[in-house]
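Biologist: Can you pull up the model so we can go through it together?
Modeller: Here it is.
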Amino acid sequence: DAKHHGKNTYRFFCRSTALASLRNLEIKDDLHKAIDHNELQLAYQPQICARSGRLVGCEALLRWHHPDKGWIPPDVFIPVAEQSGLILPLGRWVILEVCQQIKAWQDQGKIVPRVSVNVSFVQLLREDMPRLLQDCLTQQHLPPSSLTIEVTESSIMQGEVAIARLRKIRDTGVRIALDDFGTGYSSLSALKGLPIDELKIDKSFVTDLNQGSDGKAIMSAVIAMAKQLNLAVVAEGVENEFELAYLQQKGVDIIQGYYFSKPLLKAAFTAYLSQHSEFRLLATDC
Ligand code: C2E
Ligand code: MG
Ligand code: MG
Ligand code: MG
């Protein structure tokens with residue numbers, strides 16, 4: 001009966017949350033050491049211009065190789081990092097590393113026009129965030145247009161402080177992308193006037209294109225409205241030719257997904273850049 005069932009559910013819930021918080025504690029302790037022990041790496045996923053087929057940049061994605069547990073996915077450790085404040089040193093490391101990497105590629109004659117970096121709302125709320133970005137760029141003699149920061153809808157919904165911070169960052173010339181668009185609650189009209197350059201349509205909408213006419217209708221409407229707002233449109237999680245063709249036809253600007261490449265660790269991405277030498281030209285049409 002319902003009562004009996006409810007009890008079981010409660011017990012199960014308690015045990016699993018206790019386990020989860022224990023695991024989070026472990027992760028938090030280990031994450032603390034991860035930076036110093038060089039356990040963090042960045043993977044880079046190419047972003048391709050839908051019109052010219054050229055590489056216009058890449059997204060940097062954090063990877064953690066735990067000495068005993070192996071690879072731990074960011075969906076597991078990023079929330080722990082946010083709750084514990086560890087996201088601040090972690091996020092700083094990411095920005096520093098990305099700027100050094102862009103410079104290193106440049107020195108090897110490999111031009112990556114810009115790199116997208118995911119930034120948590122915890123970082124965004126920090127007053128020194130615009131300064132941190134500026135300092136890392138200047139250290140490597142890079143123009144601010146080398147960096148795009150990706151923020152989620154929920155970051156923007158943190159309120160006026162977050163929006164003011166984004167505006168300040170954007171005023172320095174760093175681009176702003178709204179990540180995972182469509183998974184939150186904001187409508188496109190709510191984005192009017194926000195300091196955003198780029199809209200990344202969430203993977204779930206791309207996947208829905210394979211499900212028939214509703215998915216296509218929604219995608220088509222989102223792209224049209226984003227263009228109306230003068231936003232560059234990026235589709236993430238593009239996996240097959242059918243999705244690519246549809247998105248190209250609807251005028252999406254940039255494509256990212258397994259169809260072109262999975263995120264690649266530094267050495268593999270550097271090799272990718274050499275193999276796709278036609279991508280080395282700076283794309284001006286995206
Ligand atoms: P995200 O920023 O939306 O990144 C896109 C995710 O989709 C990545 O997962 C990427 O590997 C995956 N992906 C890309 N193309 C495809 C595809 O065609 N098919 C499928 N199935 N997946 C695809 P990943 O690397 O596991 O990262 C998960 C999330 O963790 C990111 O989502 C981002 O929110 C967060 N994250 C990663 N690195 C950082 C970081 O440095 N800082 C912060 N704050 N968050 C990060
Ligand atoms: Mg992202
Ligand atoms: Mg995303
Ligand atoms: Mg995501």
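Modeller: What follows covers a metal site, a ligand pocket and one helix residue.

Biologist: Any ground rules before I ask?
Modeller: This is a predicted model, where local features need pLDDT of at least 70, side-chain atom pairs count only at pLDDT 80 or more, and totals for chains, interfaces and linings use all residues. Residues are numbered from 1 along each chain as its sequence is written, chains are lettered from A and ligands numbered from 1 in the order in which they are written, and side-chain values use heavy atoms, with hydrogens and water left out.

Biologist: Which protein donors does the magnesium ion (ligand 3) have?

Modeller: D179 and D180 each give an OD atom and E236 is listed twice with OE, at 2.1 to 2.3 Å from the ion. Donors here are N, O and S atoms within 2.8 Å of the metal (3.2 Å for Na, K and Ca); water is not among the atoms, so sites may look incomplete.

Biologist: And how far apart are ligand 3 and the magnesium ion (ligand 2)?
Modeller: The two ions are 3.9 Å apart, with D179 coordinating both. D179 is in strand 6 (residues 175–181), while E236 is in the loop between strand 8 (232–235) and helix 10 (241–249), 57 residues apart. Helices (H or I, at least four residues) and strands (E, at least two) are DSSP runs, numbered from the N terminus.

Biologist: Is D179 buried or exposed?
Modeller: D179 is buried at 6% relative accessibility, and E236 is buried at 11%. Buried means under 20% relative accessible area, exposed over 50%, partly exposed in between (1.4 Å probe, protein chains only).

Biologist: Switching to ligand 1. Which side chains have polar atoms by its oxygens?
Modeller: An N or O atom in the E59 side chain is 3.0 Å from a ligand 1 oxygen. For N118 the distance is 2.9 Å, and for D180 it is 3.0 Å. Taken alone, ligand 1 exposes 810 Å², and the protein buries 82% of that (Shrake-Rupley method, 1.4 Å probe).

Biologist: Which element gives the most to the shell around ligand 1?
Modeller: Strand 2, with four residues. Strand 2 (55–66), helix 2 (74–84) and strand 6 are the elements that give two or more residues.

Biologist: Last one: where is I169?
Modeller: I169 is in helix 7 (residues 160–171), and is buried with a relative accessible area of 0%. I169 and P263 are 94 residues apart in sequence and 26 Å apart in space, C-alpha to C-alpha.

Terms used: A polar contact is a pair of N or O atoms within 3.5 Å; within protein, one must be able to donate a hydrogen and the other to accept it, and residues adjacent in sequence count only if both atoms are side-chain atoms.
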